[in-house]
Amino acid sequence: MSLTREAIVEQLKEIVSPGRVITDEKVLQKNSVDRFRKYADIHGVFPLPLPAAVVMLENTQQVSAVLAFCNRHGINCVPRTGASATEGGLETVVENSVVLDGSGLNRVLSIDPQNMQATAQCGVPLEVLENKLRAQGYTTGHSPQSKPLAQMGGLVATRSIGQFSTLYGAIEDMVVGLEAVFPDGTVTRIKNVPRRAAGPDIRHVIIGNEGALCFITEVTVKIFKFMPENNLYYGYILDDMKTGFEVLREVMVEGYRPSIARLYDAEDGTQHFTHFADGKCVMIFMAEGNKGIARATGDGIEAIVARYPQCRKVDSKLIETWFNNLNWGPDKVAAERVQIQKTGNMGFTTEVSGEWSCIHAIYENVIRRLRNEFPHADDITMLGGHSSHSYINGTNMYFVYDYNVVDCKPEEEIEKYHNPINKIIVEETIRLGGSMVHHHGIGKHRTHWTKDEHGTAYYILKGLKDVYDPKGIMNAGTIYPIEK
Ligand SMILES: Cc1cc2nc3c(=O)[nH]c(=O)nc-3n(C[C@H](O)[C@H](O)[C@H](O)COP(=O)(O)OP(=O)(O)OC[C@H]3O[C@@H](n4cnc5c(N)ncnc54)[C@H](O)[C@@H]3O)c2cc1C
């Protein structure tokens with residue numbers, strides 16, 4: 001028989017101490033959603049079942065004890081660290097869920113310059129780790145726009161990516177080893193080695209699990225030398241995205257590794273670079289690292305772009321200044337709330353990826369279909385996008401859209417606007433052979449397409465859930481669709 005809400009709270013208090021079990025209604029409300037429902041949240045509307053409690057965890061033993069308790073009683077658990085999730089991964093969709101807050105596991109455990117790696121608990125904000133490293137002349141190389149908000153556990157759980165990914169890679173390229181706790185309370189450590197061929201790479205069961213398989217308690221990442229004095233910036237304006245994708249491809253295929261390689265369409269470019277975009281597309285690069293490598297990378301990029309006469313160079317200072325103000329901390333989140341409340345104008349993004357052969361078609365088709373098929377297209381005030389992470393075989397496309405919320409209750413906003421827009425982006429991308437999600441994770445609102453995304457490989461993905469979370473207590477409705 002399932003436990004009552006009161007019994008869950010009482011027993012949790014016995015496991016971790018009463019002060020660590022929060023049942024204040026306002027806290028529960030905030031813990032029932034993430035930024036996917038920011039419009040309803042801003043209006044004080046919380047339509048999902050409130051969790052029974054938020055447990056403020058302090059160490060791995062507590063994580064293990066709480067998970068084992070929840071597993072025994074079939075209680076849904078939602079892991080949480082920095083709470084910057086954008087795709088519904090933090091939503092509590094099951095009655096009497098327990099939110100496992102790992103932000104208290106916040107110690108940097110080691111910085112090891114000999115082996116060029118650092119170990120941090122899951123609740124260490126990336127910015128804290130990064131600042132500690134920079135003070136010693138090192139960097140993680142990881143710089144998502146949410147760096148001031150996101151914490152190590154969530155960054156690994158979502159397969160996050162940073163702005164310098166073209167050089168340093170995404171989080172899966174950085175993680176060396178991990179500690180994680182599975183639903184039955186098993187604590188497992190994956191050791192730190194440079195590489196091994198001892199069977200499949202089991203780190204990937206944990207990286208990207210979005211709290212749907214296990215709770216990440218500790219992470220070891222690679223570190224790199226930090227040499228900002230060698231940074232070189234390049235910016236260009238051009239007429240069309242097709243040419244921009246060709247340039248990006250050439251830079252990657254020639255083997256250059258700029259830390260930043262970005263291409264903005266005219267709408268998105270105008271929004272970011274009002275001072276010089278002039279209604280054109282914008283392409284930017286940054287080269288960094290060792291002086292000789294940075295210079296050779298910059299020279300190589302300039303030589304490639306010179307083959308495209310329509311690309312016109314802009315002052316590199318403009319790019320540097322823009323880049324230094326890109327990140328989002330609590331101040332920008334607060335300012336956004338005020339702005340949305342005042343104007344009723346919402347901004348969202350959906351990020352996908354595709355090979356070079358299909359990315360331009362994905363971009364064009366999505367924009368065309370949104371303008372022609374989305375029933376509330378008249379409410380859209382901005383629609384565009386950019387590519388910000390490139391690989392030798394393709395790139396991502398980050399669709400950006402703003403709309404006025406008209407004639408609907410706060411809780412209806414996602415059904416009227418966000419979900420139908422997502423549907424067109426996701427379906428068109430999958431149809432053309434791309435991936436429906438490049439770096440935010442599937443969360444809870446793209447699960448309708450998890451099976452289409454993976455095709456026959458869904459067999460493997462489902463096997464992980466069956467084996468590691470057989471009772472289905474981990475973040476129900478995330479990655480895996482809830483079977484009716
Ligand atoms: C303004 C803004 C900019 C952003 N820019 C980027 C960007 O540039 N690149 C990028 O990749 N993302 C970006 N994001 C998305 C978000 O910051 C990332 O997904 C980030 O990795 C989430 O980390 P977090 O600590 O906030 O996790 P949370 O929001 O707390 O959780 C995210 C997901 O991970 C799970 N989870 C959290 N902690 C654990 C744990 N310890 N063990 C297991 N599962 C866990 C949760 O259940 C949830 O499903 C941005 C978000 C915002 C708001």
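**G289**

I began with G289 and found this residue in the loop between β14 and α12. The model is predicted, and I read every entry below with that in mind.

Is G289 buried or exposed? I counted 21 C-beta neighbours inside 10 Å, and since 20 are enough for the buried class, G289 counts as buried.

I then listed the contacts of G289, leaving aside neighbours within four places in sequence. The partners are L167, M227, N230 and A294. One of these, A294, is itself among the buried residues of α12.

I also looked up the separation of G289 from H418. The two are 129 residues apart in sequence, and their C-alpha atoms are 40 Å apart in space.

**Helix α12**

From the loop I went on to α12, which covers residues 291–306. I checked its length against the rise of 1.5 Å a residue: 16 residues should span 22 Å, and the end C-alpha atoms are 22 Å apart, so the two agree.

Which residues of α12 are buried? I noted A294, T297, G298, I301, I304 and V305. They lie on the same side of α12, because the arc they cover around the axis is only 130°.

I turned to the face of α12 that points away from the buried side. The exposed residues there are K291, G292, A303 and A306.

What do the buried residues of α12 pack against? I found three elements: β12 (232–238), α10 (241–253) and β14 (281–287). The last of these, β14, also borders the loop that holds G289.

**Surroundings of the ligand**

I next went through the residues around the ligand, 37 in number. Those that come nearest are G82, G89, G153, G154 and G211.

Which elements supply at least two residues each to this shell? I noted β3 (77–80), α6 (152–157) and β10 (215–222). Of the elements, α6 gives the most, with four residues.

I sorted the shell by residue class. It divides into 15 nonpolar, 18 polar and four charged residues.

**Loop between β3 and β4**

I looked at two backbone angles in this loop. A83 is found between β3 and β4 (98–101), and its phi is near 60°, a positive value in a residue other than glycine. N96 is found in the loop between β3 and β4 as well; N96 is not a glycine either, and has a positive phi of about 60°.

I then compared their burial classes. A83 has 18 C-beta neighbours inside 10 Å and therefore counts as partly exposed. N96 has 20 inside 10 Å and therefore counts as buried. The cut-off for the buried class is 20 or more, so N96 meets it with its 20 neighbours.

**Whole protein**

I closed with the overall figures. I recorded 18 helices and 19 strands in the protein. The C-alpha atoms fill a box of roughly 70 × 60 × 45 Å along the principal axes.

Does the radius of gyration point to a compact globule or away from one, and why? For 484 residues a compact globule would have a value near 23 Å; the protein has 22 Å, which agrees.

Of the 484 residues, 49% count as buried. I also looked at contacts between residues at least 6 apart in sequence: 73% of them join residues at least 24 apart.

Terms used: Residues are numbered from 1 along each chain as its sequence is written. This is a predicted model: local features need pLDDT of at least 70, side-chain atom pairs count only at pLDDT 80 or more; totals for chains, interfaces and linings use all residues. The radius of gyration is taken over C-alpha atoms; the globule rule is 2.2 Å times the number of residues to the power 0.38. A residue is buried if 20 or more other C-beta atoms lie within 10 Å of its own, exposed if 12 or fewer, and partly exposed in between; C-beta atoms are placed from the backbone. Two residues are in contact if their C-beta atoms, placed from the backbone, lie within 7 Å. The expected span of a helix is 1.5 Å times one less than its number of residues. The arc is that of the directions from the helix axis to the C-beta atoms. A residue is near a molecule or strand if its C-beta atom, placed from the backbone, lies within 6 Å of it. Ala, Val, Leu, Ile, Met, Phe, Trp, Tyr, Cys and Pro count as nonpolar, Asp, Glu, Lys and Arg as charged, and the others, Gly among them, as polar.
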